[in-house]
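Please open the structure in your viewer and follow the selections below in order, beginning with the ligand and ending at a single side chain.

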Amino acid sequence: RPRVVSGVQPSADSLHLGNYVGAVRNWVDMQNDNECVFFVADLHAVTTDQDPATLAQRTRVTAAQYIAAGIDPERSTLLVQSHVPEHAQLAWALNCITGFGEASRMTQFKDKSAKQGAENATVGLFAYPVLMAADILIYQAHQVPVGEDQRQHLELTRNLAQRFNARYGDTFVVPEAKILAESAKVYDLQNPTAKMSKSAAAENGLLRLLDPAKKNAKKIKSAVTDDGTEIRFDREAKPGISNLLTIHSALTGRPVDEIVAEYEGRMYGHLKVGLAEVVTETLEPIRSRALELLDDPAELDRMLARGAEKGRELSVATLAAVYDRMGFLSRA
Ligand code: TYM
């Protein structure tokens with residue numbers, strides 16, 4: 001069965017709606033036809049400053065949200081990145097075939113390091129996309145379901161796989177990004193031309209999976225809208241309304257046109273009320289299930305330990321092949 005790999009950084013107290021719509025939601029159905037590995041990207045999280053105790057808790061909270069959203073730890077492999085050392089080991093090998101200039105061209109690195117000031121950005125932040133390539137290649141993934149913002153990192157991953165294969169012999173599957181056009185980018189509710197992100201400028205721009213429904217409903221009702229009164233999909237002229245329509249469509253599975261037709265002749269406020277209901281219906285069960293799982297952290301940790309075992313089984317052979325092909329003397 002084809003392999004699927006993806007992950008989210010545990011760098012906030014809750015996933016946000018962009019993570020859910022752009023990534024996690026799409027993982028759930030892929031479990032039917034693929035062998036899936038979903039992990040919590042804690043090694044990635046420390047590319048920016050993290051408080052150690054908070055990071056450990058956020059790692060659990062992130063795993064709980066995966067399960068609550070429909071990831072089945074029996075059918076899929078659910079693990080914490082740092083529990084499977086092969087990720088970091090392969091990353092080192094890939095660092096050594098990645099060009100400095102190539103890594104410098106990653107737009108996410110450029111954005112993040114500009115925000116932090118070039119002097120404060122770490123080597124870890126610079127090498128982040130290479131670790132991401134390792135996460136994917138170590139499992140011989142065929143498909144990587146992510147949001148639009150990860151497209152360039154997937155291109156790098158493909159290039160590294162091809163380069164390694166050409167230089168050392170066929171070793172890696174060359175993976176494909178699976179980016180769903182409609183929902184690949186959820187925008188900030190207050191600033192609908194910027195992507196929804198945990199580092200959003202305005203608190204009201206961000207919907208969190210673990211926030212109470214009322215709080216999210218309020219944020220939707222105060223979302224920025226556009227000039228005019230007509231509800232139609234137009235990213236240029238109506239970025240706010242278009243964002244609300246995309247979220248609605250992603251969560252209900254209904255085409256945007258159908259939703260536009262439903263709201264014909266009605267006001268922006270009606271769409272917001274409708275969307276608040278849809279968001280509540282989707283997120284409430286996830287939130288309550290996640291909180292339930294977090295009541296028993298020991299059980300959650302046991303699940304993650306089983307996931308780490310499965311992850312190692314899936315990854316040792318690839319790492320051994322890489323080491324062998326690169327000429328590392330095998331230990332007697
Ligand atoms: P991260 O933690 O920033 O985001 C996790 C996933 O959520 C998607 N996403 C969005 N999708 C739509 N709209 C948005 N506003 C939005 N914001 C975030 C991201 O595209 C991503 O799919 N480097 C990755 C984590 C990672 C990874 C991997 C992913 C590490 N190794 C290997 C796949 C495979 C990251 O930082 O995502």
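**Around the ligand**

Select the ligand together with the shell of residues around it, which in this predicted model divides into 12 nonpolar, 10 polar and four charged residues. In total 26 residues surround the ligand, and the closest are Gln 9, Tyr 128, Asp 135, Asp 149 and Val 186.

Next, display the polar atoms. A nitrogen atom of the ligand lies 3.1 Å from a backbone N or O atom of Gly 18, while an oxygen atom of the ligand is found 3.2 Å from a polar side-chain atom of Asn 19. Turn then to Val 186, where a polar backbone atom is 2.8 Å from a nitrogen atom of the ligand. With a surface switched on, consider that the ligand taken alone exposes 710 Å², of which the protein buries 97%. Colouring by secondary structure shows which elements give two or more residues to this shell, namely β1 (3-8), α1 (17-30) and α7 (123-137).

**Asp 135**

Now select Asp 135, which has its place in helix α7 and is covered by the annotation "binding site" in an unreviewed UniProt entry. Is Asp 135 buried or exposed? Its relative accessible area is 2%, and because this is under the 20% cut-off, Asp 135 counts as buried.

Finally, show what packs around this residue: leaving aside its neighbours within four places in sequence, Asp 135 is in contact with Val 5, Phe 39, His 44, Gln 81 and His 87. Of these, Gln 81 deserves a separate selection, since its side chain and that of Asp 135 are joined by a polar contact of 2.9 Å.

Key: Residues numbered from 1 in each chain as written. Predicted model: local features only at pLDDT ≥ 70, side-chain atom pairs only at ≥ 80, totals over all residues. Heavy atoms only, no water. Near = heavy atom within 4 Å. Polar contact = N/O pair within 3.5 Å; in protein donor to acceptor, adjacent residues only side chain to side chain. Areas by Shrake-Rupley, 256 points an atom, 1.4 Å probe, with all protein chains shown as cover. Helix = DSSP H or I, 4+ residues; strand = E, 2+ residues; numbered from the N terminus. Nonpolar A, V, L, I, M, F, W, Y, C, P; charged D, E, K, R; others polar. UniProt positions renumbered as here; feature names shortened; annotations may be inferred. Buried < 20%, exposed > 50% of the residue type's maximum accessible area, 1.4 Å probe, protein only. Contact = heavy atoms within 4.5 Å.
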